[in-house]
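Open the model in your viewer and keep the selection tool at hand. The tour moves from the whole chain to pairs of helices, then to single residues.

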Amino acid sequence: MLIFSKVFVGNLHVLKRPVSVAISCWFLVIGSLSALVSAYLGRNDPAMQAWMADGVIPAGVQYAILIFSQGITVVAALAMLQRQRGARTVYLVWGVIDIAFCLATVPLKMHVLPGALLFAAICALLYSPKSNAWFSPRKAANDACMTPA
């Protein structure tokens, strides 16, 4: 478990990743991968096909969007685990675009609410003060400089 909770800056200092970032990112990785597996296994399910047929967009395009969206989420989450600051922005921007797109195309808007609330909660954790300090390159440089060799 130690491997997943620390980031090494050279060989000068070990910086602890906030627990909220680790939990959020691993939740995103596991959730996205399970969504991809679920979509693959349910691709021939008549109930799923009927639900997708109710949408404005054809089922094949919906699957392509799902794969693209989950791919972005996995890559952004793994990059956040590696302290890539821009990955948070990618996740935030893509999430807002995805929610807006779903609201525009999904016939029952209430189905978008659970995902939107989960997205807001994860963004709140990723942009908390501890997370901001951990993602800040200036904070990392200060930590590395202040640590004796």
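**Start with the cysteines**

Searching the whole structure turns up 0 disulfides, a disulfide being a pair of cysteine sulfur atoms within 2.5 Å. Select Cys-25: it is buried, at 0% relative accessibility. Cys-123 is buried too, with a relative accessible area of 9%. Buried means under 20% relative accessible area, exposed over 50% and partly exposed in between, with a 1.4 Å probe and protein chains only.

This is a predicted model, in which local features need pLDDT of at least 70 and side-chain atom pairs count only at pLDDT 80 or more, while totals for chains, interfaces and linings use all residues. Residues are numbered from 1 along each chain as its sequence is written, and side-chain values use heavy atoms, with hydrogens and water left out.

**Whole chain**

Colour by secondary structure. The protein chain has 7 helices and 2 strands. Helices (H or I, at least four residues) and strands (E, at least two) are DSSP runs, numbered from the N terminus. Along the sequence the pattern reads β-β-α-α-α-α-α-α-α.

Now colour by accessibility. Of the chain's 149 residues, 32% count as buried. Next, look at contacts, meaning heavy atoms within 4.5 Å. Among contacts in the chain with a separation of 6 or more, 67% link residues 24 or more positions apart.

**Stop 1: H3 and H4**

Select helix H3, residues 59–81, together with H4. Their axes come within 9 Å and cross at roughly 155°. Axes are lines fitted to C-alpha atoms, for helices over the stretch in contact, and angles run from 0 to 180 degrees between N-to-C directions. H3 and H4 are therefore roughly antiparallel to each other. For such labels, angles under 35 degrees count as roughly parallel, over 145 as roughly antiparallel, 65 to 115 as roughly perpendicular and the rest as oblique.

H3 passes H4 in a left-handed crossing. Left-handed means that the near helix is turned anticlockwise from the far one by less than a right angle; clockwise is right-handed.

Show side chains at the contact. H3 brings residues including Ile-65, Phe-68, Ile-72 and Met-80. H4 answers with residues including Tyr-91, Trp-94, Asp-98 and Phe-101. By class, the contact divides into 11 nonpolar, 2 polar and 2 charged residues. Ala, Val, Leu, Ile, Met, Phe, Trp, Tyr, Cys and Pro count as nonpolar, Asp, Glu, Lys and Arg as charged, and the others, Gly among them, as polar.

Stay on Asp-98, in helix H4. Asp-98 is partly exposed, at 23% relative accessibility. Measure across to Leu-66: the C-alpha atoms are 9.9 Å apart, with the two positions 32 residues apart in sequence.

Then pick Arg-83, in the loop between H3 and H4. Arg-83 has a positive phi of about 70° although it is not a glycine. Arg-83 is also buried, with a relative accessible area of 13%.

**Stop 2: H4 and H5**

Keep H4, residues 85–105, and add H5, residues 113–126. They pack at an angle of about 160°, with axes 11 Å apart. That makes H4 roughly antiparallel to H5. The crossing is left-handed.

On the H4 side, select Arg-88, Tyr-91, Leu-92, Gly-95, Val-96 and Ile-99. On the H5 side, select Ala-116, Phe-119, Ile-122, Cys-123 and Leu-126. This contact has 9 nonpolar, 1 polar and 1 charged residues.

Move to Pro-107, in the loop between H4 and H5. Pro-107 is exposed, at 52% relative accessibility. Leaving aside neighbours within four places in sequence, Pro-107 is in contact with Asp-54 and Gly-55. Pro-107 and Trp-51 lie 56 residues apart in sequence, yet 9.8 Å apart in space, C-alpha to C-alpha.

**Stop 3: H1 and H5**

Hide H4 and show H1, residues 19–41. H1 and H5 pack at an angle of about 145°, with their axes 9 Å apart. This crossing is left-handed.

From H1, pick Ser-20, Val-21, Ser-24, Cys-25, Phe-27 and Leu-28. From H5, pick Leu-118, Ile-122, Leu-125 and Leu-126. The contact has 8 nonpolar, 2 polar and no charged residues.

Which residues does Ser-24 touch, not counting those up to four places away in sequence? Ile-122, Leu-125 and Leu-126. Ser-24 lies in helix H1 and is buried, at 3% relative accessibility.
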